[in-house]
Amino acid sequence: MPIIVNLDVMLARRKMRSKELAERIGITEQNVSALKSGRVRGVRFETLERICEVLECQPGDILEFRAGGPPTQTLADL
Amino acid sequence: MQNYRRFSAWMARLTATLALLYPLVSVLLWFVPGGLDMILEGLPDVRGAVGRVGGPGLLAGIAVTAAHASLVALALWVSSHLFSQVSKGDYFSPHTGKRLRLMGGTLLAYAVASPFVDAALSVALTVNNPPGQRLLAISISSHDINMVVFGALFLVLGHVLAEAARMADDHSQIV
């Protein structure tokens, strides 16, 4: 699944650090880091909702589909 | 939960000791007084026909019982690891399923081998008899059937737990 996570781009636009985002959405910094690098199997709607709320953006700003891209890498593949 | 962990630590030690002792005792039974009577308890049809036990018959008997006992020892060793795992608070890992499957497979192999082991023992114990008095006893006991059921049950449980652990691991990667 060539789903690209653009969370780092949105964080840079909002000038926010991963640590602050993690604190505000209630997940660990490690999970935010894994999400930023796309090394997760999925994102809960609940988490996505909180990210969008904090970063004042749409889910489409964070997740992007690129046809023909490399398959999504997860922690299990590493 | 603390009690379960303490109990599991004891059980881990007990099963590991039994795993080491079981094959040893099964071999020693051939040499200690009264040991042969204990071996013959499982072979009532052969009991009256056993003459002098020695030579190749004795060696074959020892080899067969040691091989059969080593299957029980393996199952005990695996269960020791399972208990040890629980005693350390590791309740739900991919190892649990794998170990349960191995234990189930070993018990199943033990049960399937039992009628053949009994048959081989009947030959080994009567091979020194004069021609015409040697026996080949074939029997299946309810104990063997129970063991097949338990072995299969452990196999299935192991598979279910391995699958559950895989799903839990999958779930942990969803943020």
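Here are some questions and answers on this predicted model of chains A and B.

User: Which pattern does chain A follow along the sequence?
Analyst: Happy to start there. The secondary structure of chain A comes to five helices and two strands. Read in sequence order, chain A has the pattern β-α-α-α-α-α-β.

User: Is α2(A) parallel, perpendicular or oblique to α4(A)?
Analyst: Helix α2 (residues 18-25) of chain A packs on helix α4 (residues 45-55) of chain A, with the axes 10 Å apart and an angle of about 120 degrees between them. Roughly perpendicular covers 65 to 115 degrees and roughly antiparallel begins over 145. The pair therefore fits neither class, and α2(A) is oblique to α4(A).

User: Which residues in α4(A) does α2(A) meet?
Analyst: By class, this contact has four nonpolar, one polar and two charged residues. From α2(A) come Leu21(A), Arg24(A) and Ile25(A), and they meet, in α4(A), Thr47(A), Arg50(A), Ile51(A) and Val54(A).

User: Why does the length of α3 of chain B agree with its number of residues?
Analyst: Helix α3 of chain B, residues 55-87, has 33 residues. At 1.5 Å a residue, α3 of chain B should span 48 Å. The agreement follows because its end C-alpha atoms are 47 Å apart.

User: Which residue just after α3(B) takes a positive phi?
Analyst: Good one to check in your viewer. The phi there is about 85 degrees. The residue is Gly89(B).

User: How many residues of chain A are in contact with chain B?
Analyst: On the side of chain B that touches chain A, there are two nonpolar residues, one polar and one charged. Those four residues of chain B contact chain A, where the number of residues is 13.

How values were computed: Residues numbered from 1 in each chain as written. Chains lettered and ligands numbered in written order. Predicted model: local features only at pLDDT ≥ 70, side-chain atom pairs only at ≥ 80, totals over all residues. Contact = placed C-beta atoms within 7 Å. Nonpolar A, V, L, I, M, F, W, Y, C, P; charged D, E, K, R; others polar. Helix = DSSP H or I, 4+ residues; strand = E, 2+ residues; numbered from the N terminus. Expected span 1.5 Å × (residues − 1). Axes fitted to C-alpha atoms, helices over the stretch in contact; angles between N-to-C directions. Parallel < 35°, antiparallel > 145°, perpendicular 65-115°, else oblique.
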